[in-house]
2 protein chains.
Amino acid sequence: MGELDLIRRIREKVGGPGRGTIIGLGDDAAAFEPAAAVELLTCDAFVEGVHFRRDLASLREIGAKCMVANVSDIAAMGGFPTRAAVSLCVPPGTAGAAIEELYDGLTDVAGRYGLEIVGGDVVSSREGLVISIALIGAAERERVVTRSGAVVGDVVVATGAFGGSEAGLAALLQKIPVDDAVEAATRRHLSPTPRLAEAQAILDVATPHAMIDVSDGLSSEVWHLSEESGVGITLHEERIPIAPSAIALAGRLGRDPLELALGSGEEFELLVTIPASEVVGTIDHVRAVTGTGVTSIGEVVDASNGCRLVGRGGGVVPLERTGYEHLSDDEG
Amino acid sequence: MGELDLIRRIREKVGGPGRGTIIGLGDDAAAFEPAAAVELLTCDAFVEGVHFRRDLASLREIGAKCMVANVSDIAAMGGFPTRAAVSLCVPPGTAGAAIEELYDGLTDVAGRYGLEIVGGDVVSSREGLVISIALIGAAERERVVTRSGAVVGDVVVATGAFGGSEAGLAALLQKIPVDDAVEAATRRHLSPTPRLAEAQAILDVATPHAMIDVSDGLSSEVWHLSEESGVGITLHEERIPIAPSAIALAGRLGRDPLELALGSGEEFELLVTIPASEVVGTIDHVRAVTGTGVTSIGEVVDASNGCRLVGRGGGVVPLERTGYEHLSDDEG
């Protein structure tokens, strides 16, 4: 199958052009009517052997997860995803069917969240698959939330629970025999959900000052948010929601549940700072509308305190930045 | 240097936020006011060892060329580039200074064409550098030109001249001693120019039916345009403008000048179909405004003829698709 045949089949799979789209896949660029209010743009690359392994996940799961990660970024800004362009770098000898399977995952997520894939590019890689997605979103101006607006006195809340994704990855790597906990954790790792509805539900009843999605790990994102906002953050160990699957698996994996929860990447939960007066209303509303739990896990404090963790016994320790950093300290 | 330090330095280099940009680099997504009319989106990935080699080009040249390729796509739609997001996948051990040098090239081009880099992401690759750029552009609705509108009877015109980029690459690979021709060809290969002003000048005086930029090679793009438009295209060998550097180097490279011109990728010239009555006015206007030559190289004919080349002796042969195809025929 040549390049043009493949592109034809991808176009059929993707469909469109949708509403407002003037030119979709297949030209030098896509053309469309811009969103009415504020536009958002995010761009992330996913590298085989770094972000995913083909022996642990199907190509459909890999494609879906890459798109979810981008949708999660748009959700964390307070917006909705609208249009995506996808660049695939595929190793020599990749079958057209493999690329189609990746697109099945991409279009699954696109369909679920009402976004249109308007651009696509398939080039050769030297080795391994690289998936790069640019995602455009739309937001109302007064609903855009950055990482940098946290204010001393805000309460730090988080959606969902943490640790499941890392536990799932570890269970896959260690080939732990499948039971309900393993299944829940691996599903969490392979097929995560972006918190789009939850972000909107929060915005409906609260005035979040800062919001970020947890892609690198809870502790790492707490640090990001604190540094971007120029504040400190104190977390309380006893309040951090740990996924039941992570608790159930921690012993078998030789890991500590709290360490799993703080370091687990690709959770795609939201970390949000809101005024204290809005916490109870937010928790109630998000649960009522989405079924997702929201938990108060800490508070925003003066920058001089840095990021800290209050233990169950009341002891205070610096919060270790245990999440994933792509560029380590020895590179410069 | 850690990830946050590097990102801080990239932010300084990129500057901004510019006019209409609400949130630039460093958040989950960029936020900005959308363009007034039609918005364009293109996304291309560039892979070390496939699209570029670090022993042949500086990182600054590599970064600049990647951005130029994207600007060229927006130019070929009839638009202007406005905002870009850049994803870098860098091999383990990449120095922060190397990433900064890449950004020097990216910001050189951004500055030259008035676009703002609003998003950036640096992740690890397993090996080799991958640069993925998503570029947004703006166009007036009636000035958007696709690949699919060519009409039988249109004249096919091209900006500039062909063969220089391929000749420059070959001269670099074969280490041909540097003279004026080698220097011109390698400059063409390493530091190409997108035909943004030329596209706009064409639109000012003509009604182009179809337009495409020559990234894969002239013959390959002639085929693309013909297939997307459902027409045939006849080129005339004697009219195809061949770069003087390609003519000068062909003998030393053991290549045929015409073959260089038809197969040379990354020329970033425009291939345009316009009504016959507009040809003379277009050629005159584009030269007057931009200094760039425009040449009539062929005509749009019925699809049943396919793409053909009329030789200097008057013989007609099928046009070989000699440009670069990323996915070859044995892949499906």
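A crossing of two helices is left-handed if the near helix is turned anticlockwise from the far one by less than a right angle, and right-handed if clockwise. Keep that in mind for the helix stops below. The model on screen is predicted.

**Stop 1: confidence**

Colour by pLDDT. The model scores ipTM 0.90 and pTM 0.93. Chain A averages a pLDDT of 93, and 96% of its residues score at least 70. Now select residues 327-332 of chain A. Here the pLDDT is below 50. Beyond near neighbours in sequence, this stretch still has 13 contacts in the model. Where pLDDT is low, the predicted coordinates should not be read in detail.

**Stop 2: the two domains of chain A**

Select residues 3-143 of chain A, then 155-324. The domain assignment calls these domain 1 and domain 2 of chain A. Their centres, taken over C-alpha atoms, are separated by 27 Å. Now look at where they touch. Domain 1 of chain A gives 15 residues to the contact, and domain 2 of chain A gives 15 residues. On the domain 1 side, the classes are nine nonpolar, two polar and four charged residues.

**Stop 3: where the chains meet**

Show both chains. The contact takes 69 residues from chain B and 70 residues from chain A. Which strand supplies the largest share of the chain B side? Select residues 38-47 of chain B. This is strand β3, and nine residues of the chain B side come from it, the largest share. By class, the chain B side has 34 nonpolar, 17 polar and 18 charged residues.

**Stop 4: α4 and α8 of chain B**

Move to helix α4 of chain B, residues 164-173. Add helix α8 of chain B, residues 244-253. The axes of α4(B) and α8(B) come within 9 Å and cross at roughly 40°. The two helices are therefore oblique to each other. Left-handed or right-handed, the crossing of α4(B) and α8(B)? It is left-handed. Show side chains. From α4(B), pick Gly164(B), Ala167(B), Ala170(B) and Ala171(B). From α8(B), pick Ser245(B), Ala246(B), Leu249(B) and Leu253(B). This contact has six nonpolar, two polar and no charged residues.

**Stop 5: α5 against α8 of chain B**

Keep α8(B) on screen. Add helix α5 of chain B, residues 180-190. α5(B) and α8(B) pack at about 120°, with their axes 9 Å apart. That angle makes α5(B) oblique to α8(B). The crossing of α5(B) past α8(B) is left-handed. Select Ala181(B), Val182(B), Ala184(B), Ala185(B) and Arg188(B) in α5(B). They meet Ser245(B), Ala246(B), Ala248(B) and Leu249(B) in α8(B). The classes here are seven nonpolar, one polar and one charged. Ser245(B), Ala246(B) and Leu249(B) of α8(B) appear in this contact and also in the contact with α4(B).

**Stop 6: α6 and α10 of chain B**

Select helix α6 of chain B, residues 196-205, and helix α10 of chain B, residues 279-290. They pack at an angle of about 135°, with axes 9 Å apart. Why does α6(B) count as oblique to α10(B)? Angles over 145 degrees count as roughly antiparallel and 65 to 115 as roughly perpendicular, so the α6(B) and α10(B) pair is oblique. α6(B) passes α10(B) in a right-handed crossing. On α6(B), display Ala197(B), Glu198(B), Ala201(B), Ile202(B), Asp204(B) and Val205(B). Facing them on α10(B) are Gly281(B), Thr282(B), His285(B), Val286(B), Val289(B) and Thr290(B). By class, the contact has six nonpolar, four polar and two charged residues.

How values were computed. Residues numbered from 1 in each chain as written. Chains lettered and ligands numbered in written order. Predicted model: local features only at pLDDT ≥ 70, side-chain atom pairs only at ≥ 80, totals over all residues. Axes fitted to C-alpha atoms, helices over the stretch in contact; angles between N-to-C directions. Helix = DSSP H or I, 4+ residues; strand = E, 2+ residues; numbered from the N terminus. Parallel < 35°, antiparallel > 145°, perpendicular 65-115°, else oblique. Contact = placed C-beta atoms within 7 Å. Nonpolar A, V, L, I, M, F, W, Y, C, P; charged D, E, K, R; others polar. Domains from an automatic or database assignment. pLDDT = per-residue confidence, 0-100.
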